[in-house]
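Me: Please take a close look at one part of this model, the sheet that is shared between the two chains, and describe how it is put together and what lies around it.

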Amino acid sequence: MRPAWSEQFDATLLAPVPRALPDAVSREWAWGGATGAGIDVAIIDSGIDGAHPLVGGVDSAVAFHFDPDADDQVAAETGPHDDLFGHGTACAGIIRRVAPQCRLHSLRVLGERLTGKGLVFAAALRWAIEHRMHVVNMSLSTGKSDYYAIFHELADLAYFNRVMLVCAVNNVPGPTYPSEYATVFSVAAHERKDPYGFDVNPVPPVEFGAPGIEVEVAWSNGRTITSTGNSFAAPHLAGLIALVLSKHPELTPSDMKAVLRAIADNSR
Amino acid sequence: MTETTLADLAALATMAGPAFAPPESARLLDAIVVTAKELFGAAACSIGLLTEDESEIVFTTATGAGADDFVGTRISSGTGIAGWVVSTGQPMDLSGLRADQRFARDVAEQSGYVPDEILAVPVATDERVLGVLEVLDRDVARVDSERDMRLLTLFANQAALAIQAADVFAHLGRSLLDAAARVSPGVQIANVIVPTPRNGSAGDLAEIASLLSELRDAGPRERALAVKVLRDVLDYTRGRDRRRR
């Protein structure tokens, strides 16, 4: 089964892209010997089960929830929390597999109540930027146009602070924020399973394709399941970005896009 | 009709709630799950709707394996597959569930049947998520099954339209009846509609209708101006929506 946008990464349809950088910028140059060590990766999702064997612990956890009496109507609680759905644990397991020594930070925005969830999501993203996370994985988005400007401001703030925002696009057609913005790394699923394999789409807005169709992922309570969604493509790319950053911490988001374009599976 | 009778009627309308929905809406939801189950070659199909305070999902419509016992089941909107779908507005597809008995049991509690595979999509309008549409153990060997997520979303969109139409009808009907109970000679009905979080649009529409009726007494130039203003507002709104898309 194919989520929306994934058809663009069909092997028969995907055009090769010119690599644009010298051959010296290879996968060996980008991540040879890298482990993700020293890189902080925030996962904005349903929480992370740090005890899951495929996750191997989290370095910090903050749960955000809607509170009409709090500043900006969002309260944040620092400390261990559960994953109420399993989805955040799935994303964490994928990132850990690709970048085994990165530091994982769970920013939980889902699983308590639905009220004010756009505000809660935005508050978590602001927290990630202010705390200088190197990479932020967002396998969720909002389609509400009320949040267009808020997320645009945050995406720009992240870009100027060298925080790399990796966003899954919607699984069904329709606008979503912040995955549509030019400064983020927007990702859809392709059919291949190689965790280090990814494509660059020469026809934006979705710029990257990574594994996300019938992939085996970690889930809550130590389980693993098979699932499909652009949700699982994003953490593959987030893991790869963490890997590259751990070897080349000087790269900016635009540098990173150029490097990824040069070493993508469909780069020629 | 006397004031007392109208007041009684308004109170009845408020209590009756969903009974004021067009009777076709429940039948349409039934038809949607039956058609989806057949089309996907699935074991079961169901629709769960968020409660007013969005804390729970109530399964109102189901067909196939386990359906009889499942209708009326309430689950928390803060957990599980259905909870994820209504929280994020994103579809979810999970398979290989029977390999993990604990998982299968959890899913069974949310679906009335122990499936090996589940595809769940949001039932949503542009404004908000109303619930979830689930298909259990569909035939994935069907031609074109790779488009199932998108196809099931089209069914969910139909369900959303049916629910939305019933919702608007129920709230508009209740608001107008409530206002009718309190209207007196010389008072416009739009002025006695009590705004509530759910009838905001109904109140607006009634006010627009009331204003338009006043244009009867205006001259042709004023009426032409009113038409132009309304058209400009609609053109602006349509253009804004297009830009947002």
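**The sheet across the two chains**

Reply: Chain B has an average pLDDT of 78, and 65% of its residues score at least 70. This is a predicted model, and its scores are ipTM 0.87 and pTM 0.81.

The part in question is an open sheet of 8 strands with antiparallel pairing, in the order S10(A)-S11(A)-S4(B)-S5(B)-S6(B)-S1(B)-S2(B)-S3(B). Its edges are strand S10 (215-218) of chain A and strand S3 (74-76) of chain B, each of which pairs on one side only. Averaged over the sheet, and with direction ignored, neighbouring strands are turned by 30° against each other.

Starting from the edge in chain A, S10(A) and S11(A) run antiparallel and are joined by 4 bridges, with A:Ala218 having A:Thr224 of S11(A) as its bridge partner. These strands form a hairpin with 5 residues between them, and in this hairpin A:Asn221 takes a positive phi near 60°.

The next pairing takes the sheet from chain A into chain B. Here strand S11 (residues 224-228) of chain A is joined by 3 bridges to strand S4 (residues 92-95) of chain B, and the two strands run antiparallel. Two of the partners can be named: A:Thr226 is bridged to B:Ser95 in S4(B), while A:Thr228 has B:Asp93 as its bridge partner in S4(B). B:Asp93 also has a bridge partner in S5(B), namely B:Leu119, and it thus appears in the pairing of S4(B) with strand S5 (residues 117-124) of chain B, where 4 bridges join two strands that run antiparallel.

The contact between the chains can also be described by its residues. On the side of chain A, 27 residues are in contact with 31 residues of chain B, and S11(A) gives the most to that side of chain A, with 4 residues. By class, the residues of chain A that touch chain B divide into 11 nonpolar, 11 polar and 5 charged.

Within chain B, helix H4 (residues 80-88) lies across strand S1 (44-50), strand S2 (56-64), S3, S4, S5 and strand S6 (129-136) of that chain, and runs at about 35° to S5(B). The strands that H4(B) lies across therefore include S4(B), the strand of chain B that is bridged to S11(A).

On the chain A side, the surroundings include a helix pair and a second sheet. Helix H5 (residues 230-247) of chain A and helix H2 (residues 87-98) of chain A have axes that come within 8 Å and cross at roughly 35°, and the crossing of H2(A) with H5(A) is right-handed. In this contact, A:His87, A:Ala90, A:Cys91, A:Ile94, A:Ile95, A:Arg97 and A:Val98 of H2(A) meet residues of H5(A) that include A:Phe232, A:Pro235, A:His236, A:Leu240 and A:Leu243. By class, the contact of H2(A) with H5(A) has 11 nonpolar, 4 polar and 1 charged residues.The other sheet of chain A is an open one in which 9 strands follow the order S3-S2-S4-S1-S5-S6-S7-S9-S8, with mixed pairing. Its edge strands, strand S3 (74-78) and strand S8 (199-200) of chain A, each pair on one side only. Helix H3 (residues 117-130) of chain A packs on this sheet, where it touches S1, strand S2 (60-66), S3, S4 and strand S5 (135-138) of chain A, and its direction makes about 150° with that of S2(A). Among the pairings of this sheet, strand S1 (residues 40-45) and strand S4 (residues 103-108) of chain A run parallel and are joined by 6 bridges, with A:Ala42 standing opposite A:His105 in S4(A).

H3(A) also meets helix H4 (residues 148-160) of chain A, and the axes of these helices come within 10 Å and cross at roughly 10°, so that H3(A) and H4(A) are roughly parallel to each other. Their crossing is left-handed. The residues that meet are A:Ala122, A:Leu125, A:Arg126 and A:Ile129 in H3(A), and A:Ile150, A:Phe151, A:Leu154, A:Leu157 and A:Ala158 in H4(A). By class, this contact of H3(A) with H4(A) has 8 nonpolar, no polar and 1 charged residues.

Technical notes:
Residues numbered from 1 in each chain as written. Chains lettered and ligands numbered in written order. Predicted model: local features only at pLDDT ≥ 70, side-chain atom pairs only at ≥ 80, totals over all residues. Pairing = 2+ DSSP bridges. Contact = placed C-beta atoms within 7 Å. Axes fitted to C-alpha atoms, helices over the stretch in contact; angles between N-to-C directions. Parallel < 35°, antiparallel > 145°, perpendicular 65-115°, else oblique. Left-handed = near helix turned anticlockwise from the far one by under 90°. Nonpolar A, V, L, I, M, F, W, Y, C, P; charged D, E, K, R; others polar. pLDDT = per-residue confidence, 0-100.
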